[in-house]
Structures are given as structure tokens and as C-alpha cells.
Amino acid sequence: MVLLVTSDNEQFQTEKDIVERSVLIKNMLEDVGESDQPIPLPNVSSSVLKKVTQPSTGPTEIDVRGRYLSTASTTVESPSRPPILEQSQDETRKRTTDISEWDQKFITVDQEMLFEIILAANYLDIKSLLCRRWLQDGSQHDQGARPPEEIRKLFNIVNDFTPEEEAQIKKENEWAEDR
Amino acid sequence: MDISHWLPNELLLHIIQHTPKADQAALSRVAKRFHELCLPALNREVELKDSRFIASFCSGIIDNPSRADAVRSFNITVDFSEIRRDLILETLKLMSRLEYLSLSRFMSDDHHNRILLEECNFPQLISCNLSFPTSLSDLTALFLTRHPTLKRVHLRSDPRMVASQSPRISLPNLEFYAGQALFIPRIDAVRLKVELDWSHTDDPDVNKIMTRISSMTNPKLPFVSSSDNHHQIVISVSTHMPHTRTLRLRRSRMYFFFSSVNHDEDMIYHITECLPGFTNLVYLAIDWVPHQSKAENWSAVERLVEACPTLEACYSNRYAWRKVNGRWEECELEEFEVLAGPPNSTDY
């Protein structure tokens with residue numbers, strides 16, 4: 001077990017293999033070695049840490065696309081096992097049909113919480129959580145992406161395109177939406 | 001509060017990179033900022049599977065040429081008879097950072113082929129999959145010469161194109177060549193894995209080709225070949241590359257016109273005769289008669305392994321056997337592929 005201390009001074013006893021999914025904590029543990037000292041996480045609050053470390057049966061969020069990945073330019077990280085997810089890649093493939101309750105809940109947390117979770121995932125270096133498929137809602141859009149208007153609604157994004165511009169972009173990128 | 005106000009670009013980009021293409025496309029329509037962020041990820045790997053997408057995609061690039069910089073992989077899998085070749089070529093000319101190009105069904109008229117071969121330059125090209133006609137053999141050679149970065153070349157061509165006596169094409173980085181065997185004498189490479197196609201070659205100078213390959217390959221690399229008559233080829237491989245470890249012989253596309261029980265028997269007989277010439281052949285796969293029963297395959301394999309004691313696994317028309325503690329046992333096809341290495345390298 002590892003002892004974590006959050007920004008609001010709450011202590012958490014957490015399984016080592018769970019916290020080690022955070023690259024930051026893993027490195028810390030390796031540097032410090034065996035120790036009873038608590039690990040301070042000054043950028044993470046207790047409510048967020050609960051979210052980030054809670055076990056879940058949710059599906060993986062990373063879609064390992066890229067049959068072809070260049071070595072030359074920006075690399076897309078290979079998926080590490082995220083905190084929440086313990087499924088094989090095969091299961092990931094069929095993910096759209098069973099985006100879990102967990103995902104639904106994840107997506108329905110309020111904006112502020114979502115913000116903090118994303119920042120925490122970034123700080124703790126949990127890539128996969130950061131990239132969770134929070135943009136998709138499997139129950140309604142099994143066959144494709146969530147429509148832009150829904151993404152806007154969900155995240156309060158103002159559409160700054162004219163209808164013509166949007167139509168033009170849709171046309172240009174239509175090849176990528178075809179499944 | 002608008003999410004894009006509190007989420008920095010860096011994090012959004014990270015999320016976008018891990019998002020499937022369809023989601024990236026949807027996100028790109030959400031707002032201008034998302035469009036800017038998504039487009040490079042979206043265009044990195046372009047695959048046009050339907051002719052109706054081609055004009056709009058190409059126009060988008062032509063109107064905003066800087067977008068072409070994002071494209072690393074460009075693959076068109078549409079039948080090219082009905083599409084705007086001029087638009088595709090104009091778009092291709094802008095893709096200066098392209099690494100993978102697949103236009104396997106593109107070629108059909110000389111005018112557009114000529115533009116592709118003469119005017120397109122991809123300084124970072126690693127892999128290409130092209131077809132080209134007889135009349136443009138020298139232009140194709142020049143195109144390849146202009147791209148010394150190439151590691152993988154897949155050429156579908158008419159064998160007559162290689163009659164020309166032009167100089168060798170030096171491709172120092174080339175690791176894999178799939179295509180007409182007759183093209184081999186023109187290639188200059190150091191460490192080459194080959195998948196040779198001998199179809200339509202009436203009277204190839206097999207020894208010349210094999211001598212050439214033996215100077216470019218090494219015994220650890222599998223030798224893969226498709227033909228309707230492997231007799232002469234196997235003799236030549238055993239003479240020029242006797243240390244070959246893995247030999248895969250496939251039927252050519254035209255094989256069914258030649259196939260008959262007698263022909264198949266002759267082939268097994270001839271291969272069995274050539275096998276003692278190999279010093280270290282470990283894996284042998286023959287794949288040309290899909291109708292035979294397991295018993296018939298085993299009877300062929302039995303003769304092959306007897307003629308070549310170094311063999312450890314043998315594959316014949318969807319059945320496989322391997323040697324376990326000195327005894328031959330049937331094994332899963334997957335097991336054979338694991339032992340001998342993946343069956344074909346035409347996937348990129």
C-alpha cells in the first residue's frame with residue numbers, strides 16, 4: 001500500500017499497482033524506494049483523486065488507430081494501462097457498443113470536476129485517462145461519432161462557423177467519417 | 001464556461017491524437033479552434049475509399065496548400081477509372097512530407113502517369129505501392145532513383161517494361177521489394193527481402209536474376225516467389241542461395257489455367273529433386289493446390305521432408321506439420337507462421 005496526501009490534506013491508502021499507473025507516482029516510488037512516508041500531491045484534491053484512482057469496469061478509452069505510424073514526426077503514445085481500465089485491445093475494438101455506465105458518469109460530472117480530472121491526469125501523467133473517450137456516447141451513436149452540435153452542447157462551446165463554413169468542412173472531411 | 005477556454009491546446013491536442021478519425025472529423029466541425037487543432041491529426045493518414053470523397057478532399061488541400069504538410073500517408077483504394085486524376089496529381093504535388101504512398105490502381109493513361117512519375121517529388125518517401133505500364137519503364141526507374149529514402153517498394157507492372165537496358169536504380173535503404181522478378185537486375189540494394197512474381201514471364205533468365213538477388217539478400221531473409229512453374233526457380237535458388245532458411249512458393253495468379261493433377265505431381269517431384277541442394281533449409285511452404293485433402297498433402301510433405309533433413313516445419317496448401325522430438329506432427333497454421341515468420345509482407 002502507498003500513502004498519498006492530497007492538496008486538502010486528506011490521506012489515501014492506495015494499492016501500489018493502482019497508483020503506479022501514474023507515471024509520476026511510479027517514478028517517485030522508484031526514486032524514493034521502500035518508504036512509509038506519504039507522497040504529497042499538491043496539485044490534486046481529494047475529490048479528484050478519488051475519481052482518478054477509483055476502480056472501474058469501464059471500457060478503455062484509447063483507440064489504437066494508426067496502422068501506419070511514422071517514426072519521423074510527432075509520436076502517438078502507445079496506450080499504457082489506464083487507472084480505470086483493464087481490458088484487452090480486442091475488447092477496446094468493440095467498445096462503442098458498450099460504453100459503460102462509468103463513462104456516462106464520467107461525462108456527466110460537472111465541468112469544473114472534468115477540468116480538474118483532466119489536469120490531474122496530466123499532472124500525474126496518466127495518459128490514457130487524459131484521453132478518455134469523453135467525446136462519445138455509445139448508447140446513442142453506436143455507428144459513428146457524436147455529432148458536433150452535441151459536443152458543443154455538452155461542453156458549452158460556441159459555434160463560430162458560418163453555416164457555409166461548417167458545410168464546407170463537413171464536405172472536406174467526409175472521407176474520415178465514413179466507416 | 002466554454003471548455004476550450006479552460007483546456008489548454010496542448011491537452012486538447014493530446015486528446016485529439018488518441019481519438020478515432022470519425023471523432024476527429026466531427027470535432028473539427030465544432031468550432032474554429034477545434035478545426036485548427038484537429039486538421040493535422042486528421043490529415044496525417046489519409047485513406048480515400050470512395051470516389052465521392054476525392055474531389056472535396058483534394059480541393060480542400062489545393063485551396064489551403066499548407067494543409068498538405070500534415071499528410072504522411074496517402075492511400076487511394078478506389079477504382080481509378082471514374083475519378084479526377086488531375087485533382088489527385090495536383091494534391092500529390094503539394095504533399096512534400098509524404099512517407100507512404102499507395103496508388104495501386106491508379107495507372108491507366110500515360111498522360112497522368114507521366115505527370116506522377118516526372119513531376120512528383122517526396123523527399124521523405126519510405127514506402128510506395130504503384131502500378132505502371134510498359135511504356136513508362138524508364139520514367140518509373142527515374143522516379144525510384146529520385147527517392148533513395150525508399151525502404152519498401154511494391155510495383156505491379158507488366159514484365160515487358162524491364163526490357164530496357166537503362167542503368168541500375170540505386171536504393172541504398174531498400175529492404176523489401178514485391179513485384180516482377182524481371183525487375184530485379186535493375187535494382188541496387190544491400191539487404192533485400194523479396195516477393196517475386198514470375199507470371200507472364202515466358203523465358204526469364206532465372207540464373208541472372210538469382211545471382212543478382214544473392215548479392216543483395218542474406219540467408220536469414222525468406223525467399224518468396226509466385227509462379228506457375230517453380231522447377232527452374234527452385235534449382236536456381238538452391239544453386240545461388242543454398243543457405244536459404246525459409247522458402248515460400250506460391251501459385252501465380254494465372255495458375256489455375258495450368259493446374260492439373262499431373263502438373264502438381266510434377267512440381268512436387270521436381271522440388272523434391274532440388275531440395276538436397278539446400279544446406280540449411282528449415283521452413284518450406286508450398287501453396288498452390290487448394291483442393292487437396294490432408295492425406296494428399298501429407299504424402300507430398302513426407303517426400304519433401306525426406307529429401308531435406310534440415311527441414312523443421314513444412315506447410316502445404318492450408319495444412320502444416322512440424323518436427324517435434326524427431327517426429328513429424330501436424331500443427332496449427334498459425335504455429336507455422338510464427339516459426340517461419342509472417343507469410344506475406346505486402347502489408348505496410
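Biologist: Is Glu15(A) buried, partly exposed or exposed?
Modeller: This is a predicted model. Glu15(A) has a relative accessibility of 43%. Buried would need under 20% and exposed over 50%. The value falls in between, so Glu15(A) counts as partly exposed.

Biologist: Where does Glu15(A) sit in chain A?
Modeller: Strand E2 of chain A covers 11–14. Helix H1 covers 16–19. Glu15(A) has its place in the loop between E2 and H1.

Biologist: What distance separates the C-alpha atoms of Glu15(A) and Pro147(A)?
Modeller: Along the chain, Glu15(A) and Pro147(A) are 132 residues apart. In space, their C-alpha atoms are separated by 39 Å.

Biologist: In what order do the elements of chain A run?
Modeller: Chain A has 10 helices and 3 strands. Read from the N terminus, the order is β-β-α-α-β-α-α-α-α-α-α-α-α.

Biologist: Which annotation does UniProt list for residues 1–52 of chain A?
Modeller: Residues 1–52 of chain A are 40% helix and 23% strand. Their end C-alpha atoms lie 17 Å apart. The UniProt record, an unreviewed entry, calls residues 1–52 "domain: SKP1 component POZ".

Biologist: What share of residues 146–176 of chain A is helix?
Modeller: UniProt, again in an unreviewed entry, annotates residues 146–176 as "domain: SKP1 component dimerisation". The end C-alpha atoms of this span are 14 Å apart. Strand takes up 0% of the span, and helix takes up 68%.

Biologist: What share of the residues in chain A is buried?
Modeller: The accessible surface of chain A comes to about 9600 Å², and 48% of this belongs to carbon and sulfur atoms. Take contacts between residues at least 6 apart in sequence: 68% of those in chain A join residues at least 24 apart. Of the 179 residues in chain A, the buried share is 46%.

Biologist: Are the rings of Trp175(A) and Phe57(B) stacked or edge-to-face?
Modeller: A pair of aromatic rings is described by the distance of the centres and the angle of the planes. The structure holds 7 aromatic pairs over all chains. For Trp175(A) and Phe57(B), the centres are 5.8 Å apart and the planes stand at 85°. Planes over 60 degrees apart meet the cut-off, so this pair is edge-to-face.

Biologist: Why does the pair of Trp175(A) and Phe57(B) join two chains?
Modeller: Both residues are buried. Trp175(A) belongs to helix H10 (residues 174–177) of chain A. Phe57(B) belongs to helix H5 (residues 51–63) of chain B, so the pair joins chain A and chain B.

Biologist: Which residue is linked with Trp175(A) and Phe57(B) into a cluster?
Modeller: The rings of Trp175(A) and Phe57(B) have their centres 5.8 Å apart. Ring pairs extend this into a cluster with Phe74(B).

Biologist: What kind of pair do Trp298(B) and Trp321(B) form?
Modeller: Their ring centres are 5.2 Å apart. The planes stand at 40°. That is neither under 30 nor over 60 degrees, so the pair is tilted.

Biologist: How many residues apart in sequence are the parts tied together by Trp298(B) and Trp321(B)?
Modeller: Trp298(B) lies in helix H13 (residues 294–307) of chain B. At 25% relative accessibility, Trp298(B) is partly exposed. Trp321(B) is buried, with a relative accessible area of 5%. Trp321(B) lies in strand E14 (residues 319–324), so the pair ties together parts whose separation in residues is 23.

Biologist: Which residue in E15(B) stands opposite Ala320(B)?
Modeller: E14(B) and strand E15 (residues 327–331) of chain B run antiparallel. They are joined by 5 bridges. Opposite Ala320(B) stands Cys331(B).

Biologist: Which residue takes a positive phi in the hairpin of E14(B) and E15(B)?
Modeller: The hairpin has 2 residues between the strands. The positive phi is near 50° and is taken by Asn325(B).

Biologist: Which backbone oxygen does the side chain of Thr244(B) reach?
Modeller: Thr244(B) lies in the loop between helix H10 (231–240) and strand E11 (246–251) of chain B. With a relative accessible area of 4%, Thr244(B) is buried. Beyond four places in sequence, its contacts include Pro219(B), Phe223(B) and Phe278(B). At 2.7 Å, its side chain reaches the backbone oxygen of Met241(B).

Biologist: What share of the residues in chain B is buried?
Modeller: Chain B has 14 helices and 15 strands. Its accessible surface comes to about 15000 Å², with 49% belonging to carbon and sulfur atoms. Of the 348 residues in chain B, the buried share is 55%.

Note on methods: Residues numbered from 1 in each chain as written. Chains lettered and ligands numbered in written order. Predicted model: local features only at pLDDT ≥ 70, side-chain atom pairs only at ≥ 80, totals over all residues. Heavy atoms only, no water. Phe/Tyr/Trp six-rings, centres within 6.5 Å; stacked < 30°, edge-to-face > 60°. Helix = DSSP H or I, 4+ residues; strand = E, 2+ residues; numbered from the N terminus. Buried < 20%, exposed > 50% of the residue type's maximum accessible area, 1.4 Å probe, protein only. Polar contact = N/O pair within 3.5 Å; in protein donor to acceptor, adjacent residues only side chain to side chain. Contact = heavy atoms within 4.5 Å. Pairing = 2+ DSSP bridges. Areas by Shrake-Rupley, 256 points an atom, 1.4 Å probe, with all protein chains shown as cover. UniProt positions renumbered as here; feature names shortened; annotations may be inferred.
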